[in-house]
Amino acid sequence: MAPAVRTTCPYCGVGCGVLARGAGESVSLAGDPRHPANFGRLCSKGSALGETLGLEGRLLHPQIDGARVSWGRALDRVSRGLARIIEQHGPDAVAFYLSGQLLTEDYYVANKLMKGFIGSANIDTNSRLCMSSAVVGHQRAFGEDLVPGCYEDLELADLVVLVGSNAAWCHPVLFQRIVQAKERRPEARLVVIDPRRTPTCEAADLHLPVLPGTDVWLFNGLLAYLSRRGLAAADFVAGHTEGAREALEAAEASAPDEESLARICGTDARRIGEFFRMFAAAERVVTAFSQGVNQSSAGSDKVSSIINCHLLTGRIGRPGMGPLSLTGQPNAMGGREVGGMASMLAAHMEIESEAHRRTVQEFWASPRMPRHRGLKAVELFEAMHAGRVKAVWIMATNPVVSLPDADRAREALARCDLVVVSDCVSQTDTIRLAHVRLPAAAWGEKDGTVTNSERRISRQRAFRPAPGEARPDWWIVCAVASAMGFAGSFGYRSPHEIFDEHARLSCAGNRGERLFDIGGLAGLTRAEYDELEPVQWPVARRGGGGASRLFEEGRFPRAGGRARFVPTPPRAPAHSVEADFPLALNTGRIRDQWHTMTRTGRSPRLVEHLSEPYVDLHGQDALLAGVRTGELARVATRWGSLIARVRASGEIARGHAFVPIHWSAENSSEARAGALVSPAVDPLSGQPELKHTPARIEPFLVDWYGLLLTRRPLVRSEGSEGSERSERPERPERSDGSEQPEWRGVAWWVLARGDGFLRYELAGRGVPSDWTERGRDWLGATGPEADYLDYCDEAAGIYRAAHVVDDRLDACVYISRRPELPGRGWLAGLFSKRSLDTAERAALLAGRPVQGAAGGAGSSMDDGPLVCSCFRVGRSAIRDAIRAHALTSAQQVGARLRAGTNCGSCVPEIRALIAEETPA
């Protein structure tokens, strides 16, 4: 058997190692036990990667205006189009918009082309949406974008503080390292600071539910508390920092006492006092923060207020302590290393520095170099909307879904003279607006490096060939650069050559003033690059093992070698709630999905846990809005609206709401969270305020709810490669370019992929005069010879139907006036059967499993909603096991059913089920 290929997961910034075995369609994937980020563990998404490798829906050939063309024609159109616009309007009339999904080598050549040869800094990335406030916080305090510590510090800490991070769902492998460390050392403590009571809170010793946007007040209060009680590390502050007095004055002014602080933060003063005492008492403290901190109009100050507390106590640069930014994407840090953002040059050099510009330009031997920062993501799309940016090249991202005020982003692209999109999928909300579509290699097909949240460079290795005419992103960029006349500087033959140049640039002109230095990795042979083990930078010398922690000697890469305290006068979110929009809307990820679902949406098990867009509300807010759990509601803001299922999880405080970010026009009728979000940004980082937008909830009244499962997509679509039918219902465009669902009375729909079938959740207005005619139309059961079963109770508003082909279930539909519809798991099981027996046919019309029949009560087909995605264990199966065996712990459930024994992200839900089943 061929040895496994060691690669790296393409999801979050934890950077887990993955082993790939096999080839073609028979690839098996598992965690890499040798990788120091995960030691063999994978989360639910990583465990399901093998289900996402199919070619259905892939972009396989270049296209111009939707028609297949040769690579030569596509490259000519892109290169000539860019050159024409640059000649007529200047280099700042073009832009690149990149992604943390790109490999470092891809990022490097894109940045080199834009800044060194086109001569503009208009190159930004979707990392602007998740990590740019952390970058500013690092730069202001340390002089460079540096993460001081490492994952091991989370296990060594006496206190871990998670701020704005639902790590149990968003970084589950890392979170399990924290949980297991607590199990080994029960004296270790975990504090979670989050407006929501997320699954992460279930493992916490203290949950501090502060109001969104009040983090600066809280950490200013902590800074003042530590100072008042004489807990400052006086020698460290005096010898290794500057600006403490100014920061303390700002902190004292904003947080005079704990009672005042509690009123501002909207939480209990006793909890705040307990947090302050825990932080003061623990020498080894790690404060790990993520999107709840960064995605704010005050995100940079939030990061600085956290760092200030670590500087005051000297808790930085030593084992078990320091601030730790939890990166959202697999290569957000690698993109920052090579300068793939509008606000920086390559190798952590500064675009405003003449010396740095000269270093980079001389190294590249490039004809030009921008002197000023370019346009950050939100302002970049605004410039497109205004007509100042006339051409954009988007790589590996879907901004029409992910950007704030996303409808305006769609309008901006529609106004652009030239839109080029490189992607591996044929249909996204963004690629539909592209003039030129370039087929890119996907994960498993491309080769290069990524850098995770702890500065660890890992190899991403190909284990299967790229299909069709798909090419690696670095190849595409270099081909365009060569067509523009820059072939001599972009003649790379492999990512190894690009990485070598990147490593050499990292130490160019660097006399120790920049800590990002991987010069020790320059000059690797191709074999050495191929075998490169995960390593944390800096790696300044050949053979060096990297550095787990920075600042161990108290020296920082700033003038004078001192870290800087940054005064952080607090300010409220940019837009306040008001009478018309009384709720503070929060957006974020859910456990089993990633970004806009172009990859995770292909895995049947990943869509089973939370399979449709929802709005999570406090029960009293739902009552005031006139909406009920399970029914539909419209969530509206000044910028847009969406329709979602109402949920009351108990995680949300009054006055707040939460919607997930993942759904797009490709899998739902109206559920893009980005369309609702305010375009307000942090003035320094440019990061959008995705966690606080004033909103209101309105009933979305319908006459019926429906559930339809089918083996075949419902409508034809001429633009989709790999299939002559599209999975989404037909949606004619309005005159303004937006799209309106028009699917025979359907007012709302959501699509999810199952094992061998597609599932549509539906709701409609207007009751058809003949449900049988409508059902036959939907299910494709035309003609009198079709084996079509149906049942209709007009008085009760119920219709059920099934289409059977060669004794096998082909499609079924269920309609009701209420949202309660048959169990999805049971119906999914029927699609796996080669033929249906008489009892199963009867069950289809009854809308429930028949007792004693295959798939009936107690069978694996009736496990209820999915809880554990890794092992596909449903809620009913867990409840049954708890009752039958008197189980009292998640460990006991795991021993019986395996649920919760892989990534652990379902453990909080298992514990909740145990609590529900345990007599008081």
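Which residues point one way from strand β12 and which the other way? V285, T287 and F289 point to one side of β12, V286 and A288 point to the other, and all are buried, where buried means under 20% relative accessible area, exposed over 50%, and partly exposed in between, with a 1.4 Å probe and protein chains only.

This is a predicted model, in which local features need pLDDT of at least 70 and side-chain atom pairs count only at pLDDT 80 or more, while totals for chains, interfaces and linings use all residues. Residues are numbered from 1 along each chain as its sequence is written, and side-chain values use heavy atoms, with hydrogens and water left out.

Strands (E, at least two residues) and helices (H or I, at least four residues) are DSSP runs, numbered from the N terminus. Strand β12 covers residues 285-289, and because five of its five residues are buried, the strand is largely enclosed by the rest of the structure.

Two strands are said to pair if DSSP finds at least two bridges between them. Strand β8 (residues 159-163) runs parallel to β12 and is joined to it by five bridges, with V163 of β8 having F289 as its bridge partner in β12. Strand β13 (residues 322-325) also pairs with β12 in the parallel sense, over four bridges, and here A288 stands opposite L324.

A second group of strands is built around β23 (residues 632-636), which is mostly covered, four of its five residues being buried. Strand β24 (residues 641-647) pairs with β23 in the antiparallel sense over five bridges, with R634 standing opposite I643, and these two strands form a hairpin with four residues between them. Strand β26 (residues 693-699) is also antiparallel to β23, through four bridges, and in β26 the residue P699 is the bridge partner of A633.

The cysteines can be considered next. The structure holds zero disulfides, a disulfide being a pair of cysteine sulfur atoms within 2.5 Å. Two cysteines are set out below.

| Cysteine | Closest cysteine sulfur and distance | Relative accessible area |
|---|---|---|
| C130 | C12, 11 Å | 7% |
| C812 | C792, 16 Å | 0% |

Why does C130 form no bond with C12? The sulfur of C130 is 11 Å from the sulfur of C12, the closest cysteine sulfur, and this is too far for a bond. For C812 the closest cysteine sulfur, in C792, lies 16 Å away, so a bond is likewise ruled out by distance. C130 is buried, and C812 also counts as buried.
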